[in-house]
Amino acid sequence: VDATDRDGDMLTYTLVTSNPSLPIVVNATSGALVVVPPGLDRETEAMLTFDVVATDGGVPPLNSSVRVAVTLTDVNDNSPVFSQNQFAISIAENTTAGTTVTTLTAADADIGPNEFLSYSIVGGNSQGHFIINTLHGGVEVLGQLDREATDFYSLTIQARDAGSPRRSSRTTLNITLLDINDNAPTISPTTASAVFTENAGPVLAFSGLTVSDADTFPLEGLTAQLTLE
């Protein structure tokens, strides 16, 4: 801030503000505005207003003031933030490809290009069974799921802004596959023989057969029927 006095008096500058935490002071001699700790932060206050008063050395002293408005432009000093460090969902193993199973989004306190986010899966998706929409964070099933092959996925999701330099953050999405009854029981061995007397009672004991089911309880609860041929 620069002022002149026709009398040629030396001027003294003072800053007047109602904001006690204003991070700007004025040099009393030169009128230069100086930023002081903790410094400027657009996310805390995007515009600063104050008055600078120039006072001459006459008797009586005279002064004049000017209103100063400082608008802060954004720099990319904030990383995206997810609402949680970890998310968990459960989906049926027969969820079809193209189904959106959840949406993960992050927020960025910056503005303009610095707040534009893109999403990606950067870990836990080696089988390529999931994909994420890069713009809105929707996680979709991409391939055929099979709980009997893989029953749990832990995906690392990244949100990255478009600022310079680009900043990013990550979260974890844990996906548990729920079983459906998609497997028939298997009997081992597939053929067996036994000898019974003709006067055997109605309750028979027969061993040597093993029945299993790849599905999980309670889907694996088995009942058996023996047919004699």
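**Group meeting: salt bridges and one mixed sheet**

Arg42 is buried, with a relative accessible area of 15%. I start with that residue because anything under 20% counts as buried here. Please keep in mind that this is a predicted model.

What does Arg42 form a salt bridge with? The partner is Glu43, and the closest N and O atoms of the two are 2.8 Å apart. Glu43 is partly exposed, at a relative accessible area of 26%.

Next, the chain as a whole. The protein chain has 16 strands and zero helices. Of its 229 residues, 28% are buried. The accessible surface is about 14700 Å², and carbon and sulfur atoms account for 53% of that. Now take the contacts with a separation of 6 or more: 61% of them are between residues 24 or more positions apart.

Back to the charges. How many salt bridges does the structure hold? There are five. One of them brings together the side chains of Asp51 and Arg67, at 2.5 Å from N to O. Asp51 belongs to strand β4, residues 47–55, and Arg67 to strand β5, residues 63–71, so this pair ties together parts that are 16 residues apart in sequence. Is Arg67 buried or exposed? Arg67 counts as exposed, because its relative accessibility is 58% and the cut-off for exposed is over 50%.

Another salt bridge is formed by the side chains of Arg147 and Asp179, at 3.1 Å from N to O. Arg147 sits in the loop between β12 (138–141) and β13, while Asp179 sits in the loop between β14 and β15 (186–188), so the pair ties together parts that are 32 residues apart in sequence. Arg147 counts as buried at 12% relative accessibility, and Asp179 is buried too, with a relative accessible area of 17%. To return to where I began, Arg42, Glu43 and Asp74 are joined into one network by salt bridges that share partners.

Now the sheet. Four strands form an open sheet with mixed pairing, and their order is β7-β14-β13-β10. Which strands stand at the edges? They are β7 (86–92) and β10 (117–123); each has a single partner strand, so one side of each is left without a neighbour in the sheet. On average, neighbouring strands of this sheet are turned by 30° against each other, direction ignored.

Strands of a sheet pair through backbone hydrogen bonds, and the pairing can be parallel or antiparallel. This sheet has examples of each. β7 and β14 (residues 168–178) run parallel and are joined by seven bridges. In that pair, Ala88 stands opposite Asn174 of β14. At the other edge, β10 and β13 (residues 152–161) run antiparallel, with six bridges between them. There, Ser118 stands opposite Arg160 of β13.

Last, the side chains of β7. In a regular strand, side chains alternate between the two faces of the sheet. Which side chains of β7 point to one face and are buried? They are Phe87, Ile89 and Ile91. Gln86, Ala88, Ser90 and Ala92 point to the other face and are not buried. So Ala88, the residue opposite Asn174, is on the face of β7 whose listed side chains are not buried, because none of them falls under the 20% cut-off.

That is what I have on the salt bridges and the sheet.

Notes: Residues numbered from 1 in each chain as written. Predicted model: local features only at pLDDT ≥ 70, side-chain atom pairs only at ≥ 80, totals over all residues. Heavy atoms only, no water. Pairing = 2+ DSSP bridges. Helix = DSSP H or I, 4+ residues; strand = E, 2+ residues; numbered from the N terminus. Axes fitted to C-alpha atoms, helices over the stretch in contact; angles between N-to-C directions. Buried < 20%, exposed > 50% of the residue type's maximum accessible area, 1.4 Å probe, protein only. Contact = heavy atoms within 4.5 Å. Areas by Shrake-Rupley, 256 points an atom, 1.4 Å probe, with all protein chains shown as cover. Salt bridge = Lys/Arg side-chain N within 4 Å of Asp/Glu carboxyl O.
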